[in-house]
Amino acid sequence: MNNNGLDKDSTLVKDSGLIKPVVTPIGVGQGGQSFVNEFGGLVTDTGHASNDIVIKMTDVSKWYGDFQVLTKCTAHVHRGDVVVVCGPSGSGKSTLIKTVNGLEPFQEGEILVNGISVGAPKTDLPKLRSKVGMVFQHFELFPHLSIIENLTVAQIKVLKRSDSEAKQKGLAYLDRVGLSEQAKKYPAELSGGQQQRVAIARALSMDPVCMLFDEPTSALDPEMIQEVLDVMVGLAREGMTMMCVTHEMGFASQVASRIIFMDEGHIVENCSKTEFFESARSERAQQFLSKILDH
């Protein structure tokens, strides 16, 4: 390893007859050290919106029985960041994002959200989740409640807001996503895109410190995808801290500040948007981008 920190690629050394990559620094950029990791991927600390860390994941590993789905995943999401988590199907993207608010338990490592340890036994997970907005692939609205009731029930039960305060907040966020006229309808009366926008409004009504999106457009018809992406773009431009699992690479190239690329449970690349799309180092990320960007 070169001590001047200017090597451009990982070197290869022999160890017990096997050739393995060595983590190699490639210089110090804005915000910290940049290096090529053991997968040949680029890891930098550039492109963050601020210095204030909201989500800090350190060496997070998770197993389903004997099968390891996450391996020593480390990443930081700063206040105002829009982090897109991408990669092939089955790479661990959704599992990773669900560990952030404890929906998926993990066996090793540490996750801090606003300084609170997600995995600590004494952590009040329901209280923590009330501050971490989550938007799922399949909306998860209560079918027996009206739209406005979907937006107020958690505010009243979890945040202890009054009915009038919760309704005022809910209507404001329904208006924010362009659905104020749908307040008295039920989920089944709305299109998929409209239901997903309601789900976003519901999460926002809890005044979250950050928003997690788990493939929010993958269950939608093509003509409905853009209306949901438009809301997400608006949130990003307003400074909402966001972590998004998505295959919508147009959204990523337009709005993301940073990209996490995963494969087989590993974080292979973790860098700024520009670095990922223009300078992805790993062969796996280059293969992924060549297939995505050619279509």
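Modeller: Before we start: a residue is buried if its relative accessible area is under 20%. And keep in mind that this is a predicted model.

Colleague: Fine. So what makes you call helix 5 mostly covered?

Modeller: Just the count: 13 of its 13 residues are buried, so each of them comes in under the 20% cut-off. For the chain, 51% of the 295 residues count as buried.

Colleague: How do you know that the span of helix 5 is close to what's expected?

Modeller: Helix 5 covers residues 192–204 and has 13 residues. At 1.5 Å a residue you'd expect 18 Å, and the first C-alpha to the last reaches 19 Å.

Colleague: Why are helix 3 and helix 5 called roughly parallel?

Modeller: Helix 3, residues 147–157, packs against helix 5 at about 25°, with the axes 9 Å apart. Angles under 35 degrees count as roughly parallel, so the pair gets that label. The crossing is right-handed.

Colleague: Which residues make the contact between helix 3 and helix 5?

Modeller: From helix 3, Ile147, Asn150 and Leu151; they meet Val198, Ala201 and Arg202 of helix 5.

Colleague: And what is the make-up of that contact: how many residues are nonpolar, polar or charged?

Modeller: The split is 4 nonpolar, 1 polar and 1 charged. Arg counts as charged, so Arg202 in helix 5 is the charged one.

Colleague: What about the rest of the chain: how many helices and strands?

Modeller: There are 9 helices and 15 strands. Among contacts with a separation of 6 or more, 62% come from residues 24 or more positions apart.

How values were computed:
Residues are numbered from 1 along each chain as its sequence is written. This is a predicted model: local features need pLDDT of at least 70, side-chain atom pairs count only at pLDDT 80 or more; totals for chains, interfaces and linings use all residues. Side-chain values use heavy atoms; hydrogens and water are left out. Helices (H or I, at least four residues) and strands (E, at least two) are DSSP runs, numbered from the N terminus. The expected span of a helix is 1.5 Å times one less than its number of residues. Buried means under 20% relative accessible area, exposed over 50%, partly exposed in between (1.4 Å probe, protein chains only). Axes are lines fitted to C-alpha atoms, for helices over the stretch in contact, and angles run from 0 to 180 degrees between N-to-C directions. Angles under 35 degrees count as roughly parallel, over 145 as roughly antiparallel, 65 to 115 as roughly perpendicular and the rest as oblique. A crossing is left-handed if the near helix is turned anticlockwise from the far one by less than a right angle, and right-handed if clockwise. Contact means heavy atoms within 4.5 Å.
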